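Visitor: I should like a close look at the surroundings of a single side chain. Please begin there and then proceed to other side-chain pairs and to the packing of the chain.

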Amino acid sequence: MKDLPDALVTEILKRITRTSDLNSLSLVSKQLYKIEGGQRAAIRVGSGLCTATKALTLFCARFPNLRKVEVDYSGWIPGHGKQLDNKGLSVFSSHSSSLIDLTLSFCSCIDDSGLACLAYCKTLVSLRLNSAPQVTSVGLFSVAVGCTSLSALHLIDCEKIDSVEWLEYLGRDGSLEELVVKNCQGINHHDFLKFGSGWMKLQKFEFERKRERYDCLPGDVVYDSSYDAHNMDLYDFCCESLKDLRLAHIKTWPEVGLRVLLGKCKALEKLCLEYVHALNDNDIIALSRSCSNLKSILLRLNLQRYSSDVSYCETRTSFTDNSLYALALNCRMLQMVDLSFTGCSPDWPSEIGFTQQGFLVLIQSCPIRVLVLNNANFFDDEGMKALSSSPHLETLELILCHAVTDAGMRFIAHTPCLRNLTLGVCHYITDVGVAELGRAHKLSLSIVVRSLRKLRRVLPSQFTTPRTLQMPL
């Protein structure tokens, strides 16, 4: 091996992908040690990382061409030794000249002065801070000013970040393409309206407000279902490059806030709305008119109070069939639909704003390939019969859909392209219905434990392809 040219050895090592194998090879000879260290572009370290300055300097010398570094102290306890601190981060920033992607998770010893060292990483493209309790807006502003190549920023559980000067600066610079902020208590969704021209280049945006105890329960405020946010031209910014949008646990009423995005994202392909308070049909209608390229929509809906006048109030989920009709009419590229309804009782079908009729209009108008329904009380065997004629449906997941019975299984077994079916806690599907599925040899069947209360036996010989089958105890 020692007689082989370094270039040939390097080419051989490139074909080895398992980290454990690379570590073992590096112990064989000094030649392999040097070459393997020089070609290592990504590394993930945690409690075993020695934080002495000299040791970190040797570490960086061992891997001089690192482009992606993840430091993860999840599960760390004092007995594991010292964590990476500000001095250690300074060593990384000064010795890793090729670093473009850095993730710091549960690094409790790093504060603003350590984060300021990253300002010297002119090549840094992506920064992820996950549970950085000592970092404030001051350190984040240093990164915004110094890291001129930054295009992706993730902030998760950073409790001390509050003011948004960093956000305004990044907006003026306009370099960010991906921005994710989750569970940062000091940042609310109105702050992002200060991002200004930064919205023009942004392709992925995700904001999740820190959850409160009673977020999934109907609030005391009565929302006006006729309120049209898009009649208010308050925010003059463009976000026509945005393709991926997720909003979770935010309250939009009475101010517009981020709901205005739904009418501005002309390039949007993926939308996720999880427990966003006070949205109504007008928001989805505005979205559908702008986003003809929409391919995926996920809605997590809970009960809210809506009123069109002072004498009448109804408690239901945010959207009605009008939203489904708008999507069916304008979003003809929709391929993935995931609908989940929280707190809705089967005894009160009107609590869900959607009906089966409106839902089937959407399914029959769009090339839906993946469909997930969770606690969809409006969906029954007639819906399964309609689904069975869907020419595109490949994956179906039904959770807590109590109106679906064995009769629905007989229908769905004949769906032309269906390959994957998951059933969870569907109490009126028994072994009789599963036997119907067994005759459809194309299906890959996954049944959640305790989901089918009368399921006693399913013969493996009924199925001809690999599948996951979990039987109740």
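Guide: A polar atom of the Arg316 side chain lies 3.1 Å from the backbone oxygen of Ser318. A polar contact is here a pair of N or O atoms within 3.5 Å; within protein, one must be able to donate a hydrogen and the other to accept it, and residues adjacent in sequence count only if both atoms are side-chain atoms. The model is a predicted one: local features need pLDDT of at least 70, side-chain atom pairs count only at pLDDT 80 or more, and totals for chains, interfaces and linings use all residues. Residues are numbered from 1 along each chain as its sequence is written, and side-chain values use heavy atoms, with hydrogens and water left out.

Arg316 belongs to strand 13 (residues 312–316); strands (E, at least two residues) and helices (H or I, at least four) are DSSP runs numbered from the N terminus. The side chain of Arg316 also makes a polar contact of 3.1 Å with that of Glu314. In addition, Arg316 lies over the face of Tyr306, 4.4 Å from the ring centre; the criterion is CZ of Arg or NZ of Lys within 6 Å of the ring centre and within 35 degrees of the ring normal. Arg316 counts as buried because its relative accessibility is 7% (buried is under 20% relative accessible area, exposed over 50%, partly exposed in between, with a 1.4 Å probe and protein chains only).

A second charge of this kind is that of Lys264, whose charged end sits over the ring of Phe237 at 5.2 Å from its centre. Phe237 is part of an aromatic cluster with Phe192, Phe195, Trp199, Phe205 and Phe207. Rings of Phe, Tyr and Trp (its six-membered ring) pair if their centres lie within 6.5 Å; planes under 30 degrees apart count as stacked, over 60 as edge-to-face and the rest as tilted. Twelve aromatic pairs meet this rule. The pair of Phe195 and Trp199 is edge-to-face because the ring centres are 5.6 Å apart and the planes stand at 85°. Phe195 and Trp199 are both buried.

Salt bridges, defined by a side-chain nitrogen of Lys or Arg within 4 Å of a carboxyl oxygen of Asp or Glu, number twelve. Glu206 and Lys182 form one of them, with the closest N and O atoms 3.8 Å apart. This pair links strand 7 (residues 204–208), which holds Glu206, to strand 6 (residues 178–182), which holds Lys182, across 24 residues. Glu206 is buried at 11% relative accessibility, whereas Lys182 is partly exposed at 22%.

Arg259 and Asp283 form another salt bridge, with the closest N and O atoms 2.6 Å apart. Arg259 lies in the loop between strand 9 (244–248) and strand 10 (270–274) and Asp283 in helix 9 (residues 281–290), so the pair ties together parts 24 residues apart in sequence. Both partners are buried, Arg259 at 1% relative accessibility and Asp283 at 0%.

Turning to packing, helix 11 (residues 356–365) has Gln356, Gly358, Phe359, Leu360, Leu362 and Ile363 buried. Their cover includes helix 10 (321–330), strand 14 (336–342), strand 15 (370–374) and helix 12 (381–387). The chain as a whole comprises 14 helices and 18 strands, and 49% of its 473 residues are buried. Of the contacts (heavy atoms within 4.5 Å) between residues at least 6 apart in sequence, 75% join residues at least 24 apart.
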